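User: Hey, can you walk me through this fold? I'm new to reading structures.
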Amino acid sequence: GINKDETVIIPTGIDMTRFEEENIDFNKLQSLKEKYSLVGKKVYLFVGRLAKEKNIPLIIKAYASAFSSDDNKRLLIVGGGPILPDLKKEVEKNNIQDKVIFTDMIDWKEIPYYYRLGDFLINASVTETQGLTYIEALASKVPVIAQKDPCIEDVIIDKKNSFVFDGEIELVEKLKESSMLGDLNQIKENAYITSRDYTKEQFALKVEKLYRDAIEEYSKK
């Protein structure tokens, strides 16, 4: 019985300050690249809790299909969770132990650095409600390779600010396609521009407008 025309959706606002380039210590970033042996590599990234609903085995299998014989690529899985042992077994099963790095749980204050280790963020989940990791990646100018999902249609726009796939076969294709792209500057810039709609400042303005509109409507009655 809810009238959709009278419903307003306001996404959660994110404090983007810590993702801004001027707040990144590039010496520290370089040290992390050296720590994980990522210097000179193209890095595909997962950031989040390692849980069943995130569909991470699909990412591992698709990555193996696309890049098992390519030593210039790495899959960096950032986060901890209950299925970490199972994911390590999945990596062994696909014989890509030398190409996949698990960081385990990382302090949230350090996460902006881990986004910037990646060239692309991959997410195969279909249980996201807002996809905050997508927005954090875009704010870091990291394009996303995301499972098609109605809830992120306004955030992830295929071939404009990121890439969209539907299922394992398409993910393999998108991984290969992304690896052959040369200049990503426009896509990265579009990613950053998209993230500006989800700042805490925009959230405050949208909430204020909603209250003002509601007051105005009530006053008419």
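Analyst: Sure, we'll start with the sheet, then look at a strand, a helix and a loop. Just keep in mind that this is a predicted model.

User: Okay, what's the order of the strands in the sheet?
Analyst: The sheet is open, has six strands and goes β3-β2-β1-β4-β5-β6, with parallel pairing. β3 (100-104) and β6 stand at the edges with a single partner strand each, so one side of each has no neighbour in the sheet. From one strand to the next, the twist averages 25°.

User: And how many bridges join β2 to β3?
Analyst: Four, and the two strands run parallel. For a spot to look at, find Ile 77, which stands opposite Phe 102 in β3.

User: What does α2 touch on the sheet?
Analyst: α2 packs against β1, β2, β4 and β6, and its direction makes about 170° with that of β2.

User: Back to strands. Are the residues of β5 buried or exposed?
Analyst: Buried, on both faces. Val 144 and Ala 146 are on one side, while Ile 145 and Gln 147 are on the other.

User: Who are its partners, then?
Analyst: β4 (residues 120-123) is joined to β5 by three bridges, running parallel, and Asn 123 stands opposite Ala 146. β6 (residues 163-165) is also joined to β5 by three bridges, again parallel. There, Gln 147 stands opposite Phe 165.

User: Which helix makes a unit with β4 and β5?
Analyst: That's α5 (residues 132-139), and the three make a right-handed β-α-β unit. α5 lies across β1, β4 and β5, at about 170° to β4.

User: Let's go back to α2. How far does it reach?
Analyst: α2 covers residues 56-67, twelve in total, and reaches 16 Å from its first C-alpha to its last, close to the 16 Å expected.

User: Why do we say α2 is largely enclosed?
Analyst: Because nine of its twelve residues are buried. Among them are Ile 56, Leu 58, Tyr 63 and Phe 67.

User: What's covering them?
Analyst: The cover includes strands β1 (42-47), β2 (73-78), β4 and β6, plus helices α3 (84-93) and α6 (168-180).

User: New topic: where does Ile 157 lie?
Analyst: In the loop between β5 and β6. Ile 157 is partly exposed, with a relative accessible area of 32%; that label applies because the value falls between the 20% limit for buried and the 50% limit for exposed.

User: How far apart in space are Ile 157 and Leu 38?
Analyst: They're 28 Å apart, C-alpha to C-alpha, and 119 residues apart in sequence.

Key: Residues numbered from 1 in each chain as written. Predicted model: local features only at pLDDT ≥ 70, side-chain atom pairs only at ≥ 80, totals over all residues. Heavy atoms only, no water. Buried < 20%, exposed > 50% of the residue type's maximum accessible area, 1.4 Å probe, protein only. Pairing = 2+ DSSP bridges. Right-handed = clockwise from strand over helix to strand, strands pointing away. Expected span 1.5 Å × (residues − 1). Contact = heavy atoms within 4.5 Å. Axes fitted to C-alpha atoms, helices over the stretch in contact; angles between N-to-C directions.
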